Amino acid sequence: MSSPDDTNDRELLEALGAVLDEIDPVPEFLADAARMSLSWRTVDAELAELTADSALEGPAVRSARAPRMLTFDSDVATVVIEVTADVGGATRQLLGQILHPRPAEVQIRHLGGSVTVSADEHGRFRVAGLPPGLIRLACRFGGAAQPQLITSWVTI
Amino acid sequence: MPYPSTTDLVRAAAGGDQQAWNELVERYKRLVWAVVRGHRLSPADAADVFQTTWLRLVEHLGRLREPEHLSGWLSATARHESLRVLRLGHRERPDENIADDPGAAAPGPESALLDTEERAAVAVAFSRLSERCQALLRLLVADPAPSYSAVGAALGVPVGSIGPTRGRCLRALRRLLDEQTASA
């Protein structure tokens, strides 16, 4: 099965692999971040996956000024958030609603820490001053000790 | 210690075993990086996508249906996140056999620690390949080599097209190397 061509191809690929390892290795800070990401593991919370992102819709339906809308769905509840830049543009503001509406504690986790706000009886909540980057929301309902719902990560 | 299977590592990591998780990162970080770099993202976007891919895996550790196919799952996830970032930025991706803008896709030889002229020549020739060939060859040289189904997932192409494309890209790389030798 191994022809001279196969051998030549293999040798060329090996040379290329060595060159790429040298000129474009996985940056060590990213490998560190990947190793640390296990600390974000959550057990026993329902995962709400991102099912809609208005920023990914075609330009025809998106206006440059319209806020970005993100929808997370799970069996426990649906969470919709609107993302806008704070005045000055350096940080982000979220306006959120949990459906079906109920009071909740909403923790917004980002890679540098977290902020917790309360959602009112209509399930609405607001938070400002978030750093741009990856975030996820963890919701506790009815005074539970652990979050029952957690969204997937999204970059804002 | 016996060499643990990916399935064993996924199970242990799902239970919070940091060492098992570190081993998964060590095994698959080159593959994820190859997928991300194959999409020609900016350094900041590439870092975001790489990080997001591992966070997604943490989210799904306990829910993976076929942990033995982790390379395919990681490839598909990294591709999905790369495309999302590209769409958010509205960038176009050209698609021909030889790049229009030689040298733009990979760091030039001046940025590398080169042992031999041959390695420099390979780096230059690689940077002149089309984006599509660069993406495929990056995956094929990742260590450990991903399965063709993982490569297909990473590039969004049918598995049956990978062999022929591999052949065409290697011929293009060899042609570029020959041209460089001839003009040197």
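**Loop and helices, question by question**

User: B:Arg40 sits in the loop that lies between α2 and α3 of chain B. Why does B:Arg40 count as partly exposed?

Analyst: First, the ground rules: this is a predicted model, where local features need pLDDT of at least 70, side-chain atom pairs count only at pLDDT 80 or more, and totals for chains, interfaces and linings use all residues. Residues are numbered from 1 along each chain as written, chains are lettered from A and ligands numbered from 1 in the order written, and side-chain values use heavy atoms, without hydrogens and water. Now B:Arg40: buried means under 20% relative accessible area, exposed over 50%, and partly exposed in between (1.4 Å probe, protein chains only). B:Arg40 has 34% relative accessibility, so it counts as partly exposed.

User: What is the phi of B:Arg40?

Analyst: Phi is near 50 degrees there, a positive value in a residue other than glycine. B:Arg40 comes just after α2(B).

User: How do you know that the length of helix α2 of chain B agrees with its residue count?

Analyst: Helices here are DSSP runs (H or I, at least four residues), strands are E runs of at least two, and both are numbered from the N terminus. The expected span is 1.5 Å times one less than the number of residues. α2(B) covers residues 18-38, and those 21 residues should span 30 Å; the end C-alpha atoms are 29 Å apart, so the two agree.

User: Where does α2(B) bend?

Analyst: At B:Tyr28, by about 50 degrees. The bend is the angle between axes fitted to the seven residues ending at a residue and the seven starting there.

User: What makes α2(B) largely enclosed by the rest of the structure?

Analyst: Burial: 15 of its 21 residues are buried, so α2(B) is largely enclosed. Helix α3 of chain B (residues 43-60) gets the same verdict, because 15 of its 18 residues are buried. The length of α3(B) checks out too, with 26 Å expected and 26 Å between the end C-alpha atoms.

User: Why is α2(B) called oblique to α4(B)?

Analyst: The axes of α2(B) and helix α4 (residues 70-89) of chain B come within 9 Å and cross at roughly 40 degrees. That angle makes the pair oblique, since under 35 degrees is roughly parallel, over 145 roughly antiparallel, 65 to 115 roughly perpendicular, and the rest oblique.

User: And what makes α2(A) oblique to α2(B)?

Analyst: Helix α2 (residues 28-36) of chain A packs against α2(B) at about 140 degrees, with the axes 9 Å apart. By those cut-offs, α2(A) is therefore oblique to α2(B).

User: Why is B:Gln180 called buried?

Analyst: B:Gln180 is found in helix α8 (residues 162-183) of chain B. Its relative accessible area is 16%, so B:Gln180 is buried. Its side chain also reaches the backbone nitrogen of B:Ala125 at 3.3 Å.

User: Over in chain A, is A:Glu82 buried or partly exposed?

Analyst: A:Glu82 lies in strand β3 (residues 78-85) of chain A. With a relative accessible area of 25%, A:Glu82 is partly exposed. The C-alpha atoms of A:Glu82 and A:Leu95 are 5.1 Å apart, though 13 residues separate them along the chain.

User: How many helices and strands does chain A have?

Analyst: Chain A has 2 helices and 10 strands. Of its 156 residues, 44% count as buried.

Methods. Axes fitted to C-alpha atoms, helices over the stretch in contact; angles between N-to-C directions. Polar contact = N/O pair within 3.5 Å; in protein donor to acceptor, adjacent residues only side chain to side chain.
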